[in-house]
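I opened a fresh notebook page for this one. My plan is to go through confidence, domains, sheets, helix packing and the contact between chains, jotting down what I look up.

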Amino acid sequence: MTDIVHVENLVKRYDDLIALDHFNLNIAPGEIFGLLGPNGSGKTTSINCILQLLAYDKGAIELFGEPMTPARYDLKRRIGVVPQQVAVFDELTVRENIDYFCSLYVNDRKRRRALVDEAIDFVGLGDFTKFRPGKLSGGLARRLNIACGIAHKPELIFFDEPTVAVDPQSRNAILEGICRLRGEGATVVYTSHYMEEVEQICNRIMIMDGGRVLAQGTNDELKRMIQMGERVTVEVGAVEPATVERLRALEHVLSVELSDGELVCTCEASPHNLVDILDTLRAADVALGRVWSEPPTLNDVFLEITGRELRD
Amino acid sequence: MFNTIITTAKTLLRRPSTWVWGAIFPVALLTMFMFMFANLSSDGKIDPVPVAVVADETWGASSFKDVATSLAREGDDQLLDVSEYEDLAAARKALKAGEVAGIYTVDDAGTPKLTLLSSYDGSRASSVLTDRSILETVASSYTQNAELMAQIAQDDPAALADPEAVARALSLEGGTRRVSLTRTTPDAATIYYFALFGLVAMMSAEFAALAVVDLQPNLSGLGARRCVGGVSKTASLAGIFVGSWLVSFASMAVAIGYVHLVVGVDFGGREGLCLLGGAASALAATGLGLFVGTLPVKGGKASKSGILTGFATTRALFAGLYGEPAMALADDVARACPVECWLNPVKLICDMFNRLYFFEDLGPFAVRAGALVLMALVFVAAATLIFGRSRYEHL
């Protein structure tokens, strides 16, 4: 089946800075594709290039199997965009805003009215149709932002951090909505800094940094790519520094951190991690409380792949 | 595109700044002008000119006294306001005090003499010079007519027996034909109102400029979102142009309506054409706004708004909006560089309305309206070219 998005060797430079360095991307129909990366990694730049908002230096972009150019309005009509910032008219009401953005894709007034009604229901803004954006709470404004991007029922939707500054209830509603859109046949490209969101809804994930793809695959595939196999956490009494050093010296232990009576050991995949750690602690007469083991999270994957140093 | 037109008009009309610049600003300025020029207008009439006369025996025996008395008779055509003084010293005192504009005396031969002050208040130059001109004309006309009668008495004394022949000789109609140069009575204030129409139109250029900023991805998130939509840049730009023009035209209609209904300028049945002129003015202004809006200048809305305000106010100077010295400057510039009248939209709009108001022939009005439409087309073409080719290195 033809990929919905196909990007090959995309290069984008800002003077001396390479924002995208031979960036490649393939997204199959029906996927929710997560695009992860630290600030300045090139996520938004890549999306802006795909949408032809930004000029790029090199590379090829195909959408729906056809070359994408700035004048391909036929392709643009099949795309929906939910930008990071709430980008709507402050002077128009909720309904007028959704209707306007829908009109950029759908000419027929009657059909548009039905689509607008559907979008309003979809994001749950039925009680606010006559409100202007300035009168909406942050969460409601975000929902309006989404409604404006999806009202025309696009086949491909770009969500650029749609849940920033949104309360947990609204966030949950947004994520459920995205899954529903996929259920209706849409392909979704989703960028976020919230790893648990990406882990929850994306079936394929790409981690990028410095304009390059560092890793991509399913959630499980990504977790298998890193050294860490599990994280063992033990509630402990007093622990001598020598004991911590002995734990660090264990064969599969990658790191040990002790704080507030909690000992966290990250380990490579091994069937004996828990036993080895507990034996070491007992041998040092450390008082033990609760003990649990967790598989690595996407956050672990992200930090291991992109590094732990702070970014802008 | 239709929805873009409606949305543009709707968003502009819901912005307080649109009401400030599109309605409050013109009405406030026109009201100010109305009071400022109240003494200039008066429906083409002038106030009687106060003049002193020395009521001595010579004056009493002079036929010039009869002329002055008849011109001072109360009524719509009263030209003089005569005050009699016993002697020249009292009359001079009144002249120096500014109570009268001049002094009429009559010599032994019955010839009128006019005494004026050698200097006057520069701030009242216009009215002082007008008053002096009237007094001089009255005295010199009397002298010329008296000489004419003396000549007739010498050449053909019998002719003086025929009152009709005397009246014909004294009348201007004998040797001249009365021609009206303008279709309405010239009113010194109207030219300022028309210059203000030019300024109002150019201030409304901002509507298009601000609307087009909301279409540019590098200037607003809204612009980025609109540019990834399924409507071409040209169609979006056209929608913004038409929507902004509607609002700009509404602003012009408010100004024209106010001048007609409140200020009381009578367009003599050409109100429809006046609105047509307003539409052409709004078209040129919107074109300019679109062009400036698409210019790749730093600073976004603020700098574009600044450019347009600066442009409108400086162009208004060369249209003579800021009073008599500015009007004189505008006339000098027009004489020295006639092409400026066609390139300065404020001046062009002012001239267009002047020609509609004063000229019987509609040709000059149509030519100027056409020039404004052409100006709009040039601006729109340039804006389309700039915006259509723009791709962004940074967002």
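**Entry 1: confidence**

What pLDDT does chain B average, and what share of the residues score at least 70? I am working with a predicted model, and I began with this check. Chain B averages a pLDDT of 84, with 89% of the residues at 70 or above. I then looked up the extremes within chain B: helix H3 (residues 38-41) has the lowest confidence, at a mean of 61, and H13(B) has the highest, at 93. Low values call for some care, because coordinates predicted with low pLDDT should not be read in detail.

For chain A I noted a mean pLDDT of 89, and 98% of its residues reach 70 or more. Its lowest confidence is in helix H11 (residues 298-306) of chain A, at a mean of 82. Helix H3 (residues 94-103) of chain A is the highest there, at 95. For the complex, the predictor gives an ipTM of 0.81 and a pTM of 0.74.

**Entry 2: domains**

I looked up the domain division next. Chain A splits into domain 1 (5-223) and domain 2 (228-295), and their C-alpha centres lie 42 Å apart. In chain B, domain 1 is made of two stretches (2-37 + 189-389), while domain 2 covers 46-174. I noted 50 Å between the C-alpha centres of these two domains of chain B.

**Entry 3: the six-stranded sheet of chain A**

Here I traced an open sheet with mixed pairing, in the order E6-E7-E8-E3-E9-E10 (chain A). Which strands stand at its edges? They are E6 (79-82) and E10 (212-217) of chain A; each has a single partner strand, so one side of each is left without a neighbour in the sheet. From one strand to the next, the twist averages 15 degrees.

I followed two of the pairings. Strand E3 (residues 32-36) of chain A runs parallel to strand E9 (residues 204-209) of chain A, and four bridges join them. A:Phe33 has A:Arg204 in E9(A) as its bridge partner. On to the next pair: E9(A) and E10(A) are antiparallel, with five bridges. Here A:Met208 is matched with A:Val213 in E10(A). The hairpin of E9(A) and E10(A) has two residues between the strands, and I noted that A:Gly210 takes a positive phi near 60 degrees in this hairpin.

I also checked which helices pack here. Helix H1 (residues 43-50) of chain A touches E3, E7 (156-160), E8 (187-191) and E9 of chain A. The direction of H1(A) makes about 150 degrees with that of E7(A). Helix H5 (residues 138-150) of chain A lies across E6 and E7 of chain A, at about 165 degrees to E6(A).

**Entry 4: the four-stranded sheet of chain A**

I then found an open antiparallel sheet in the order E2-E1-E4-E5 (chain A). Strands E2 (17-27) and E5 (66-67) of chain A are at the edges, each pairing on one side only. I looked closer at strand E1 (residues 5-14) and strand E4 (residues 58-63) of chain A, which are antiparallel and joined by five bridges. A:Val11 stands opposite A:Lys58 in E4(A).

H1(A) turns up again: on this sheet it touches E1, E2 and E4 of chain A. The angle between the directions of H1(A) and E1(A) is about 115 degrees.

**Entry 5: a helix pair in chain B**

How do H10(B) and H13(B) pack, at what angle and how many Å apart? I found that helix H10 (residues 205-213) and helix H13 (residues 271-294) of chain B meet at an angle of about 35 degrees, with their axes 7 Å apart. Their crossing is right-handed. From H10(B), the contact includes B:Phe207, B:Val212 and B:Val213; from H13(B), it includes B:Leu288, B:Gly289 and B:Val292. I sorted the residues of this contact by class and got ten nonpolar, four polar and one charged.

**Entry 6: where the chains meet**

Last, I turned to the contact between the chains: 23 residues of chain B are in contact with 23 residues of chain A. Helices H1 (2-13) and H11 (221-227) of chain B each supply at least two residues on the chain B side. H11(B) gives the most to that side, with six residues. By class, the chain B side has eight nonpolar, eight polar and seven charged residues.

Note on methods. Residues are numbered from 1 along each chain as its sequence is written. Chains are lettered from A and ligands numbered from 1 in the order in which they are written. This is a predicted model: local features need pLDDT of at least 70, side-chain atom pairs count only at pLDDT 80 or more; totals for chains, interfaces and linings use all residues. Domain bounds come from an automatic or database domain assignment. Two strands pair if DSSP finds at least two bridges between them. Axes are lines fitted to C-alpha atoms, for helices over the stretch in contact, and angles run from 0 to 180 degrees between N-to-C directions. Two residues are in contact if their C-beta atoms, placed from the backbone, lie within 7 Å. Ala, Val, Leu, Ile, Met, Phe, Trp, Tyr, Cys and Pro count as nonpolar, Asp, Glu, Lys and Arg as charged, and the others, Gly among them, as polar. A crossing is left-handed if the near helix is turned anticlockwise from the far one by less than a right angle, and right-handed if clockwise. pLDDT is the predictor's confidence in each residue, from 0 to 100.
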